[in-house]
Structure formats: C-alpha cells, structure tokens
Amino acid sequence: MAATLLLDLTLFFLLFSIVQSRPYTLPPPAIQLPLPQLFSVADYGAIGDGQHYDTAAIQAAIDACHSAGGGHVRFPPGTYLTATVYIKSGVYLVVEEGSKILGGTKLEDYPAESSRWYVVLAENATDVGITGGGVIDGHGMKFVKSFREAKNVMVSWNETGACLGDECRPRLVGFLGSRNVRVWNIHLNEPAYWCLHLVGCDNTSIHDVSIYGNFSTPNNDGIDIEASNNTVITRCNINTGDDSICPKTTYGPLYNLTVTNCWIRSRSSAIKLGSGSSYDFKGMVFDNITIVDSHRGLGMQIRDGGDVSDVTFSNMNIQTRYYDPVLWWGRAEPIYITTCPRYPYSKEGSISNIRFINITATSENGVFLSGSRDGHLSNMRFQNVNFTYRRWTNFRDGLVDYRPGCRGLVKHSPAGIIMEHIDGLELENVNMIWSDVIQNKRWNNPLDFLPSTVNNISFLNFRSESDSQFGVRSSEVRGKDI
C-alpha cells in the first residue's frame, strides 16, 4: 500500500514538474461583438401598405443609422412603396421575409440625372449592403406598353428629354463608387431596366440572391458589373429576359471577378462580357454553373477596343436554343467569342488566354469564335468538352450574328465550330454528337474556317459522331496540328 502511494506521489510530482517547465497561458476570453444597432422604418413613420409612399420614413431611418455610426435598417413585414432611397456608409438594409420594397413608376420618383435612376442607390459608400430574405421589386410590369410573347414593348421616358433611346427606365439596385459591398439572402424582382448594377466598386460579395425578370422584357439584365474589381458572386439564381451576368468596361478596367455555383436562364446571354468594352477585362473565373433555355450560353462581345485575357469557364452544363433572330441578339450558340469594331472608327480589342474546361452543352447551334483583322483570338483552349447538337424549335437557322455593330446578321451555314481570325487554339478531348434531325437538314460540318485567317490549331482526341440508331457514324482526329 505504501509502495503504491509512493509511486502515485512520484508520478504526480513528475507530471507537475513537466507542466511547470512549459509556459502556459489561459485561452483568451471569448470576444462578444456588439450587436448592430437596429433602426426600424416603422419607427420613423413608414406605413407599409403599398399604396402610400414611404420614401421619407425610409430615408430618415437610413440617415439616423448612418449618423449613429452604422447598423441595420429593418423593414418589418409589409409593402413599402418608395421613390429613390440612398444607402449611406455603414448601413445595411434588412428587408425581412414578408416585406417588400416596391419602386415607384413616375418620373418624379427618381433624380433629375438618368444615371441615378435606381429604386435603391448607394453612392461613394463604404461597408454597405442588403439582406433579410425579403423582396425588392421594380414594378417592372407597370413599364410594359404592350405585352407580347416574343418581346414586350416598353415605356421609355425619352420623350421627356431626360435621356435618349428606348431604354429610359429606372434600374432596381445600384452601388456606385462603393467599397466593401455585400448583397445576400434577398429576392430582386421585376426590374424595369437593369436589376443589380455595380459601377466602380471594389471588394463586393453577392451570394444567395434570387433575381427574376419577366422573360419577354428587354434590358432587364440580372447583374451588371462595370469597372468594378475584386467581385465574388456565388449561389445565385438568375432568371431574366436579357443578359444574366454581364461584366462591362465602359468606364474603366475590370479585374478579379469570380462567379460560382449559379443557375441561369436568359432569353439573351447567360454570361456576357461586353458589349461596353472600352477598357480591359482580366482575371475572371466562372465555375460550376448551370445554364438552361438560353439564347446564348457563354459570350464575349468586345466592340470598343478593350482587351480580354485570363478567363476560365469550367464545370458547366449549358442548354441553348433559338428565339426570334431579329428581336433578340443570339443564335443559340453555347459559346460565342467575338471581337470586332462597333463602328468603322472603333479600335479592335484582342482576346487571349481563354480556357473552357469540363463543359457539357446541348444546343441548336454550334460554337462561334470570331476575331477580327486587328483583334485576334489567341491562346484559346477547350479541354474535356462535350457538345450535343439537335433541333427542337421551329426558328430558322443559317445565320451568324455579329451584333452589335460589325456586320450584323449574315447568312452562313451552321457548323460545330465556326472560326475566324484565330492564332492559337487547342482542342483536347472534345466530342460532338449530332442528331439525325440535324444531319437530315445537312448540318453535319464539325469545323468551318478559312486557313488564311486561322493558324496554330491543335487537336488531341477530337471526335464527331452521329447518334443514329442505325449505328454511329463518326470522324476522329487524334494529335493533329494545323
């Protein structure tokens, strides 16, 4: 017994001495971050009945929140009709489930300058955002002059002299010249014009956002990113008549854009760079995206002299189909990469270092890759890409679409890939499957190009075959350079 006690004491002091020989500090106390200050628009007089304007009450709550150093402006369940409201630095709008911000439909609801026509607008703000699970609605159907299945005819305020053209309508949400922007867990519905617009912003996060615009309404783009850098978009559902995700460089260059895990449907382009393209695009990744029922899948319309480089499209499922060729740009191309001058005097931009990896597409038309005389496509790579070509609508084919500008709509036989003005293209593990319907209509040309404008093409395991029930007819190219 004494021996056992002595052994226990010996082990105790041995362990104690080991512990004492090492520095020991208590874990830091848990830091309790202060809860954000809450400002309810109801406390400032908002009614939320959808009939009376709540603009003054909403703006008062935002101003009070900003003056107090920032926080959350809360919208309890209700419908809040409003003219333009301005988010200020440090303020997050929390549009709760069951609540809706509803944009006004009168010209006097918006600022004098058409560039500031938004239902919700942040200008030169820092640390701002929108969340809450509710809805911001642009009242877009009130701007339809004539409802048409092919394409709605829209109201335009150009007759007032406030702006020019047929696109004079308010956008839904805009962040202009702002930093540290976050938009998440919100529904953006029925914009009269563009839906979510970033201009000159830095460090923006957009995630878990649902965007819906009437499928017959023109110019109701989903997300337009202009001259904005370090932007991340993920887990968004975008269903619009016009372009769904649309980076532009009209006012400055655009770098470091990442888009992942999104579902997209568009009567125009699901993803489109341009056509505003006066400055460069660089460093962009689009990954794990599903595109359905769209007029175009992945597009670049470079028309104003800016260059595009270092862009990757990966892990995508794409379905594209024909719509009216006159009313909507596009010809059912799963991939459409073009650069040409918008006007005869415009500079020609170049497109280089573009990757398409692990892409599966079913479409009514083939791929269109078109550079221009002084704006080549170069160093392009397709790897592990599968195309299935078949027809299921009654719209005519046999047209190539260079719009906007350039050559317009041009008659041209369809092909699996049409190539113009390219210097450097690699196709590795690329498969084309052709339905009998297409072959019976004499569209069975995998590649269409003029050797005088296309150079340095490399094939590795390229296959083109029919899905005929009477046996597979195929052509195959393995390890061939042109």
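V326, L327 and L409 together make a nonpolar surface patch of about 230 Å². L409 belongs to strand β31, which covers residues 409-411. With a relative accessibility of 31%, L409 counts as partly exposed. The model described here is predicted.

**The chain as a whole**

- The protein chain holds three helices and 37 strands.
- Of its 482 residues, 54% count as buried.
- Among contacts in the protein chain with a separation of 6 or more, 75% are between residues 24 or more positions apart.
- The accessible surface of the protein chain is about 20800 Å², and carbon and sulfur atoms contribute 53% of that area.

**Strand β6 and its neighbors**

- Strand β6 spans residues 91-95, and five of its five residues are buried, so the strand is largely enclosed by the rest of the structure.
- In a regular strand, side chains alternate between the two faces of the sheet.
- In β6, one side carries V91, L93 and V95, the other carries Y92 and V94, and the residues on both sides are all buried.
- Strand β3 (residues 71-75) runs parallel to β6 and is joined to it by five bridges.
- Within this pairing, H72 stands opposite Y92 of β6.
- β6 also pairs in the parallel sense with strand β9 (residues 126-131), here over three bridges.
- The bridge partner of Y92 in β9 is G129.
- Y92 therefore has H72 opposite it and G129 as its bridge partner in β9, and its side of β6 is covered, with Y92 and V94 both buried.

**Salt bridges: the pair D208 and R235**

- Side chains of opposite charge can pair when their charged atoms come close.
- The count of salt bridges comes to 20.
- One of them joins D208 to R235, with the closest N and O atoms 2.7 Å apart.
- This pair links distant parts of the chain, 27 residues apart: D208 is in strand β16 (residues 202-212), and R235 is in the loop between β18 (229-234) and β19 (237-240).
- D208 has a relative accessible area of 32% and is therefore partly exposed.
- R235 is also partly exposed, at 45% relative accessibility.

**Salt bridges: the pair D401 and R296**

- D401 and R296 meet through their side chains in a salt bridge, with an N to O distance of 3.8 Å.
- D401 lies in strand β30 (residues 399-401) and R296 in strand β24 (residues 296-302), so this salt bridge ties together parts that are 105 residues apart in sequence.
- Both D401 and R296 are buried.

**Salt bridges: the pair E364 and R391, and a network**

- A salt bridge also forms between the side chains of E364 and R391, at 2.8 Å from N to O.
- The two residues are in loops in distant parts of the chain, 27 residues apart: E364 is between β27 (351-363) and β28 (367-370), and R391 is between β29 (377-389) and β30.
- E364 and R391 are both buried.
- R296, E333, D401 and R403 are joined into one network by salt bridges that share partners.

Key
Residues numbered from 1 in each chain as written. Predicted model: local features only at pLDDT ≥ 70, side-chain atom pairs only at ≥ 80, totals over all residues. Heavy atoms only, no water. Patch = residues over 30% accessible without salt bridge, like charges linked within 9 Å, V, L, I, M, F, W, Y side chains within 5 Å. Areas by Shrake-Rupley, 256 points an atom, 1.4 Å probe, with all protein chains shown as cover. Salt bridge = Lys/Arg side-chain N within 4 Å of Asp/Glu carboxyl O. Helix = DSSP H or I, 4+ residues; strand = E, 2+ residues; numbered from the N terminus. Buried < 20%, exposed > 50% of the residue type's maximum accessible area, 1.4 Å probe, protein only. Pairing = 2+ DSSP bridges. Contact = heavy atoms within 4.5 Å.
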